[in-house]
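Hi,

Here is the model I promised to send over. Have a look at it first, and then read on for my notes.

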Amino acid sequence: ASYYLDSDKMLHGKPVEQMRHFLESQQLSLHSEFREPDDHISVYFMVMSLWINNTNEQKLDMVSTSTEQVEFLDSALLSWLPQFTEHCQKIGVKTDFYPALIALAEQFVLKDREALADIMSEQ
């Protein structure tokens with residue numbers, strides 16, 4: 001996220017700190033052997049996965065959980081994922097596998113956000 005959100009295009013920028021604070025607020029932490037920045041795309045997907053599992057296991061209120069998830073997707077992931085996807089489509093690679101995978105991931109996030117917004121509107 002830092003590369004796409006910070007004007008200097010450097011890693012370990014403000015989004016790393018924001019994700020650290022967010023993880024703390026959710027009582028989550030990354031394994032000490034995890035070698036990627038805290039704002040790595042896999043961390044965002046891990047957070048969403050945990051939210052989904054916790055919501056199902058604990059039978060949490062879907063409307064309030066959906067609201068929190070939409071806010072997270074909008075501010076933390078969708079603020080840079082489209083730029084990342086666009087960049088990946090322009091990289092010269094031997095196969096289209098990874099650019100296609102990133103495009104699929106973006107579409108998944110957009111559809112997830114749409115489904116969460118539908119849950120919120122049912123209230």
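Below is what I found, going from the overall fold to individual residues.

**Overall picture**

Please keep in mind that this is a predicted model. The average pLDDT of the protein is 86, and 87% of the residues score at least 70. Confidence is not even along the chain: helix H1 (residues 2-5) has the lowest mean, at 67, while H6 has the highest, at 94. Where pLDDT is low, the predicted coordinates should not be read in detail.

The protein has six helices and zero strands, so you can write its pattern along the sequence as α-α-α-α-α-α. Of the 123 residues in the protein, 34% are buried. The accessible surface comes to about 8100 Å², and carbon and sulfur atoms hold 54% of that. If you take the contacts with a separation of 6 or more, 55% of them are between residues 24 or more positions apart.

**The salt bridges**

How many salt bridges does the count come to? The count is five, and I will go through some of them here.

I would start with Arg20. The side chains of Arg20 and Glu17 meet in a salt bridge, at 2.8 Å from N to O. Both residues sit in helix H2, three residues apart, which means that about one helical turn separates them. Arg20 is partly exposed, because its relative accessibility is 36%, and Glu17 is partly exposed too, with a value of 38%.

Arg20 has another partner in Asp38: here the closest N and O atoms of the salt bridge are 3.0 Å apart. Arg20 belongs to helix H2 and Asp38 to the loop between H2 and H3, so this pair ties together parts that are 18 residues apart in sequence.

Moving to helix H6, Lys111 and Glu114 form a salt bridge between their side chains, with 3.9 Å from N to O. These two residues are also three apart in their helix, so about one helical turn lies between them. Glu114 is partly exposed, because its relative accessible area is 43%. As for the bridges described above, those that share partners join Glu17, Arg20 and Asp38 into one network.

**A closer look at Asp38**

Is Asp38 buried or exposed? Asp38 counts as buried because its relative accessibility is 14%, and the cut-off for buried is under 20%. The loop that holds Asp38 runs between helix H2 (14-25) and helix H3 (41-58).

Which residues does Asp38 touch, leaving out those up to four places away in sequence? They are Val16, Met19, Arg20, Leu30 and Val43. With Arg20, the side chain of Asp38 also makes a polar contact, side chain to side chain, at 3.0 Å.

**Gln27, in the same stretch**

Gln27 is also found in the loop between H2 and H3. The backbone is what caught my eye here: Gln27 has a positive phi of about 60°, although it is not a glycine. Gln27 counts as exposed because its relative accessible area is 76%, whereas Asp38 in that loop is buried at 14%.

**Ile52**

Ile52 has its place in helix H3. This residue is partly exposed, because its relative accessible area is 35%. From Ile52 to Gln69 the distance is 9.4 Å, C-alpha to C-alpha, and the two are 17 residues apart in sequence.

**A nonpolar patch on the surface**

Finally, please look at the surface around Tyr98. Together with Phe97, Leu101 and Leu104, Tyr98 makes a nonpolar surface patch of about 460 Å². Tyr98 is in helix H6, which covers residues 97-121. Why is Tyr98 classed as exposed? Its relative accessibility is 57%, and the class begins at over 50%.

**Where to look**

If you only have a few minutes, I suggest these places:

- The network of Glu17, Arg20 and Asp38, joined by salt bridges that share partners.
- Gln27, with its positive phi of about 60°.
- The nonpolar patch made by Phe97, Tyr98, Leu101 and Leu104.

Happy to talk any of this through once you have had a look.

Best wishes

Technical notes: Residues numbered from 1 in each chain as written. Predicted model: local features only at pLDDT ≥ 70, side-chain atom pairs only at ≥ 80, totals over all residues. Heavy atoms only, no water. Patch = residues over 30% accessible without salt bridge, like charges linked within 9 Å, V, L, I, M, F, W, Y side chains within 5 Å. Areas by Shrake-Rupley, 256 points an atom, 1.4 Å probe, with all protein chains shown as cover. Salt bridge = Lys/Arg side-chain N within 4 Å of Asp/Glu carboxyl O. Helix = DSSP H or I, 4+ residues; strand = E, 2+ residues; numbered from the N terminus. Buried < 20%, exposed > 50% of the residue type's maximum accessible area, 1.4 Å probe, protein only. Polar contact = N/O pair within 3.5 Å; in protein donor to acceptor, adjacent residues only side chain to side chain. Contact = heavy atoms within 4.5 Å. pLDDT = per-residue confidence, 0-100.
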